[in-house]
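Here is a short conversation for someone meeting this structure for the first time. Please look through it before reading on.

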Amino acid sequence: MSIDTREGKPSRFGGNLIGVVMLVVAFTVSLIVATVNTLRIERPSETVIRIAHWQLEKGYREAMQEAIEEYQRRNPGVKIEQMGVTEKLYNQWVNTQLISGTAPDLCEMGHSNMLTKDEYTVKYFIPLSSLITRPNPYNADNELKDTPWKETLLDGMRGGFREGLQEYYGIPTTLISMRLFVNRTLLKEATGSDALPKTFGQWMEQCRAIREYAKRTGQERTMVPVVSCYGIQSIQGAYEVPFTSSYERMLDLDLNGEVLPIETYIGYRKKQVTLQDPSMQALFQAMKTVGDQMQLGFSGMDRQTAQFTFANQRAAFLSTGSWDASGVALQAETAGFELAVIQMPLPAMDEPFGAYIRGRQNEASSNGAGVYGVYKNSRNAERALDFLMFLTSREGNEILNQRSEWPPLTIGAKPSKLMEPFQPDPRGYNARVNISFGPRVAQAVTAEMVNFYQGFAPFSEFERIYNEVIFDPRRGGDWAWWNEYDLRRRDVRNKERVLAQDLALELINPGSRDAGRTRRAVLQQLTRYNGTDYLWLFRTQREADPYQVWKDFQPVFP
Amino acid sequence: MSTTTTGLTRAPAGGPGKIHPPGSTGTTQAPSAGGFWQRGKLYIVLMGLMLPSLIGLLLFTYYPQYGAIKYSFFDWDGSESREEFIGWKNYKDAFTVDPLFWQSFKLVLILLAANVIKMWPSIMAAIVLHRLKSERFQYIYRVLFVVPMIIPGVVSLLVWKSFYDGNTGALNAFLNATGLMQVLDWLDRTMAGDGVSTGVVNTAFAKAVRDQFEIFGVHGIWWMIIIGVLLIIARMISGNIRKHRANPAAPFLSGGAAVMIVVALGLALAFCTWPTRPMNVFSLGTTPWLGNPNLIIPSVIFWGFPWVGTVGVLIYLAGLQNISTDVYEAAELDGVGSIGKFFQIELPLIMTQVRINLIFMTIGTITDYGFFLLLLGPYGGPGSKGMVPGLYMYSAAFIEQRFGYACALGMILFVILLAITIFYQRYVRVDK
């Protein structure tokens, strides 16, 4: 109670009372809203499904809403609520919801350990392996009607597969790919032709012409040929396979068609691959050539600035992913320039670096994205899964991806016109050399390599630092190797949980066990048990342990 | 005059704000058994009222801290699968095998020194505001200082980031328009050489300062700074011991400290911080302030110019408004001028506020990572030049998935901060 000091009497309408009233009102309103929402969710006459994601890019929410409305039209009595949460908050938000038991029925998987780590996935999400082998009923009117659901997606549903658990825990709904956006209007103004570059040499030639044009028109300080939403790393990503896939035969020790970072490290130790190899040098020098066509000190440019620069016609080429396509297309329309989308041009045989190109990167092996998992505590898990079936049916996937201008994932689903260039290119190779092995080496590569590409340090400087870090026994390649091995050892517990679950299911309901999954899990246990695969690599590929990083190792074989 | 409320009595002379139990007047009275019981009941009620806050404090502030202490002794990757007690290993690793963590303190020391200087504009602004004769304008200015507080920090960060943009940033536009860019270009060529001249930092003397000035493996400039800081500490301690007597050693200690630090900073600025190769980034007029490794630290220091922090100004202003007008009138009678008033009245009398801001600034500088993360990414930008301990801790936890180790780094930071705070409390003197 407040004191009216002028009168010396207690005041009935003092500040404290107002505060109490506000508190009571706020509490009452919250209570009513919470009760109404709970009742709505629990209303027997209406099934409410909540779907949460962080895709706030232009068009996605509208597309999802369109798909939802179509589904609701077909399924009266079902209401689907879309919850778009900003990317930066999704982690905290979804963690809180999962722990408190109030998570949405469908959650986009990612950004949070609770959605990406196996031990949490097992705890909070429904395993889907047994459910995805049936045909998708929403494909009943097309040729996919008898095809198992997982086979109806371009990636075979790999995007939702958890290797560690040997189980599907999510359904992917879209594809993503990186491309080069071109301002054809500016290109024509600068070079006299709007022909798109077919080779790396042509691309660089056009970049030089744009530099000249900027100089001629007094825009030298504001115009650059190339900008990238994700730095030069995303551009380099498109060239690593073409330049370095030939190392596969030499470095792929487990013959799985990929060169893992540890295999690169082993090769680097044995000098099977060095930073001075002609093909590695060709890759670095090609990227330096691209870096020269970007803004001076481009590492300071973020995603928004890159898009803004391109939209304002102060750059002719923009490197970004399919998820930005609709936004960029709208900006191009507003600014009044013609937009084209192409794959990163490769050097031709008769051009510089062309001799080191093996072929294009194969995009067919890329996993689907926009993966949604079904929450274990969902009251309407079957209905939620049914909605995912609709979303990944040919029709549903077209609605979602055409409206949002994302590449569709379901076989036969037609992409929008804008998305045609984003469809995965199945030609080419998979393997690449990845010199970032372990977090500290990755830091050195990211932070130091960019200095070379920006022209602020010679390549020898990067090489010196890289060698210093990769051979540092405390945080370099050996440490990362030991750490990976240690992770494998600990991973055994998760595998045992999967196997125990299978055995329990078999005991309760004989014949229910997924024999294939059990076989795979047992095989993994045998080959990886206590990190035996990494131990085998160490014993066969590593001459000695000079730093004794493995001294604590006590092998325990099954 | 005493004001009676239900059950509580506010005593007139028992010290402002003292609350006495019902039945008590606040004067000395022998406590009766009933009074004791009633007082006990009141204390129980008061403790009960405090309980929710106390529980909240324990649950949301102290429990996570306890978790951080606990996990600093664990090999923990943030999940349940990897949680193993490893004793002091994380701490041992931080002190023995992790040079990057300690390297990140170099940047923090530079930023701390810069931030001490950056505190002055706020003090000056508060004094100017305080001395404004018109109360109306004083009010308007105060409001103007408060308004920026409602702008989210991320917005001002993005605005400043756009200032630094190489192609379209306001900073480059200003430098190009005023011709200062050419001055920077000239400075770059003069200091680092341009192929024709050697450059100041490549002279034999500069090389000697840079490369051969080492004692016990530590660079001489760091020794000079360490000695300077030790002299300052000695000055403060001796001043504290000899509080009521003249301190004959004080001028020598202060003078020695000043010479050591000024010479060290001068040598460092001239020969050690400037790159030995020309940057060649000024001639085009599109200087990449956040993209060039050599320009990251100057850009971070210049950030927020003219460094008039709104919260700081308001805190100083609150301190200044407590100064009695009698003091000013007496000073005027003694013929003290504006500068004299600042050094002899205002600055000594707002030292409590200065100390508070100093503590907040130090804590902020040592623990901050969000600013660097948003600005330069998890690796601290090109060459990791923007790697501070907080960011290092963040990357240990969220990039390397070594949460236990990150907790240990956090505990080390906590101990360092505690030591600095105690030092400030003890030796940043407040003379009233």
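**Loops, a helix and a cis bond**

Biologist: Where in chain A is A:Gln313 found?

Modeller: Helices (H or I, at least four residues) and strands (E, at least two) are DSSP runs, numbered from the N terminus. On that basis, A:Gln313 is found in chain A in the loop between α12 (303-311) and β10 (315-321).

Biologist: Before we go on, how should the model and its numbering be read?

Modeller: This is a predicted model, in which local features need pLDDT of at least 70 and side-chain atom pairs count only at pLDDT 80 or more, while totals for chains, interfaces and linings use all residues. Residues are numbered from 1 along each chain as its sequence is written, and chains are lettered from A and ligands numbered from 1 in the order in which they are written.

Biologist: Is A:Glu405 buried or exposed?

Modeller: A residue counts as buried if 20 or more other C-beta atoms, placed from the backbone, lie within 10 Å of its own, as exposed if 12 or fewer do, and as partly exposed in between. A:Glu405, in the loop between α15 (394-404) and α16 (439-453) of chain A, has 26 other C-beta atoms within 10 Å, and is therefore buried.

Biologist: Which residues does B:Leu375 touch, not counting those up to four places away in sequence?

Modeller: B:Leu375 is found in helix α17 (residues 370-376) of chain B, and is buried because 22 other C-beta atoms lie within 10 Å. Contact is taken to be C-beta atoms, placed from the backbone, within 7 Å. With that sequence limit, B:Leu375 touches B:Lys161 and B:Leu290.

Note on methods. Contact = placed C-beta atoms within 7 Å.
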